[in-house]
Amino acid sequence: MGQERFGSFGLATPPARKAIPADEAIALLKRGEAKAGSLLAYGNGRSYGDSCQNDAGMVVDMRPLNRIRSFNAETGVLEADAGTLLCDIIAYAAPYGFFPAVVPGTQFVTLGGAIANDVHGKNHHRRGTFGCHVEALTLLRSDGRTYRCSPTDNVRLFGATIGGMGLTGLILSASIKLLRVPSLDIMEKATRFRHLGEFFDLAEAADQANEYAVAWIDQLAGGQGLGRGLLLTGNHAEHGSHAAANAGTRLSVPVRPPFNVLNRPFLTAFNAAYRWKKGKSAVPRQAGYQGFFFPLDGVRDWNRLYGPRGLFQHQSVVPEEKARRIVPALLEAARRAGQGSFLTVLKRFGDVRSPALLSFPRPGYTLTLDFPNRGERTLRLLAQLDRITVEAGGAVNPYKDARMGPETFAASFPHWRRLEALRDPAFLSSFWARTAKRLEIGQGRAEAAE
């Protein structure tokens, strides 16, 4: 297996050194022969950091397990193998009038990965996270047993596996409840706002009136344009297509350039063009679902444009009552550091509770920033963004992360020990090793010193 197939999407961390096919891993687990910390499921590599890596052992290639097992066209419940891509689920269910209740920013994620990361989308205010729509899942653990987990069976394992970043065992398959929709197309509306205060004034009403809502921020704008952007809202069109578009694309970045293409002059021009194109009319327009939900999927391997050092993504969530102060502070910190974000997204999370033991979304506002990896300079900025977030009572997203410290993780997820207690001993990730395991070691040293 070529190791280049097992990298993370941010390209800032080395790819997995060792990989094992899913069938071999399943056989190893059923025999009870998997060693401690030796395995971690790998979906399609869309996590940005090292939550999908296991430097201490091997990653398990789940992509060959991609069969859709059953579908009930009356209830919208679909069962599929964990390696099934979201785009294939969309294509299968579309003719019946169904669409996933929650989709992230790319359709090229596996079902198992969507569950393990408890991904969210543009409609968290209405539908919560992906895990809210999981009916049941099958989990293979290193004791050789296969567990059926659901809200009524093996409940603790069910909650730990959703959002558990692949640490509770190998997800083999899952049943999810899809959303009935009148069509796949979206009636999209773009509303310009001149500053962040204007966005916050619009956000709650936009959520109440629309299935989907997200804001794009021109992070490079200064002066009178500071905090300007577009609020993009949408609902499924009553009269539109029921046919899924081809998920493939002819556009691609075939090689990784020797330098970062997404530099400041490019970003300034891109932001101006995007703001003009999307915001030139406030009249709702009917758009295809791929352009609305997955705009970056239109260029394969676009992450290569960041050059040989890759990128870091920082996603934070802060409480609603502090957002008007903290979101501008985060953006200003990036501006002062001279770091431009290619994609700056701001959303409002609702209060729909996930069944996950550890889940990133919580009531408040979430800000996502992408930065080219400029080494220590970028790491200092990311640490500053962590501090601003944590001091405000917020959290940093682990499956978008490649460098947060153990203390930031503990502050973001104070109940992490409950996942560690249910973690399968054969499963470990590089992320967990550098955060939770270090916290555990530090706690042990403190207890020994007392």
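So, which hand does the crossing of α6 and α9 have, left or right? Keep that in mind while I walk you through this one. What we have on screen is a predicted model.

Okay, the two helices. Helix α6 covers residues 196–209, and helix α9 covers residues 323–336. Their axes come within 10 Å and cross at roughly 135°. The two are therefore oblique to each other. And back to my opening question: the crossing of α6 and α9 is right-handed.

Who's doing the touching? On the α6 side you've got Leu196, Gly197, Phe200 and Asp201. They meet Ala323, Arg324, Val327, Pro328 and Leu331 from α9. If you sort that contact by class, you get six nonpolar residues, one polar and two charged.

Now let's move to the sheets, starting with a bit of background. Strands of a sheet pair through backbone hydrogen bonds, either parallel or antiparallel.

Take the sheet with eight strands. It's open, and the order goes β14-β11-β13-β12-β16-β17-β15-β18, with antiparallel pairing. At the edges sit β14, residues 285–287, and β18, residues 395–396, and each of these pairs on one side only. Further in, β16 (residues 345–349) and β17 (residues 364–372) are joined antiparallel by five bridges. If you want a spot to click on, find Val345, which stands opposite Thr368 in β17.

And here α9 comes back. This helix packs on the sheet, where it touches β12 (212–217), β15 (311–318), β16 and β17. Its direction makes about 5° with that of β17. So α9 has contacts with α6 as well as with this sheet.

Next up, another open sheet, this one with five strands. Reading across, it goes β4-β5-β9-β7-β8, and the pairing is antiparallel. Which strands are the edge strands? They're β4, at 68–71, and β8, at 146–149, each pairing on one side only. On average, neighbouring strands in this sheet are turned by 10° against each other, ignoring direction.

Inside that sheet, have a look at β7, residues 134–140, and β9, residues 170–177. They run antiparallel, and six bridges join them. One pair to look for is Leu140 with its bridge partner Leu170 in β9.

This sheet has a helix on it too: α2, residues 86–93, packs there and touches β4, β5 (77–81) and β9. The direction of α2 makes about 35° with that of β4.

That's the tour. If you rotate the model yourselves, try starting from α9, with α6 crossing it at roughly 135°, and then follow α9 to the strands it touches.

Notes: Residues numbered from 1 in each chain as written. Predicted model: local features only at pLDDT ≥ 70, side-chain atom pairs only at ≥ 80, totals over all residues. Heavy atoms only, no water. Axes fitted to C-alpha atoms, helices over the stretch in contact; angles between N-to-C directions. Helix = DSSP H or I, 4+ residues; strand = E, 2+ residues; numbered from the N terminus. Parallel < 35°, antiparallel > 145°, perpendicular 65-115°, else oblique. Left-handed = near helix turned anticlockwise from the far one by under 90°. Contact = heavy atoms within 4.5 Å. Nonpolar A, V, L, I, M, F, W, Y, C, P; charged D, E, K, R; others polar. Pairing = 2+ DSSP bridges.
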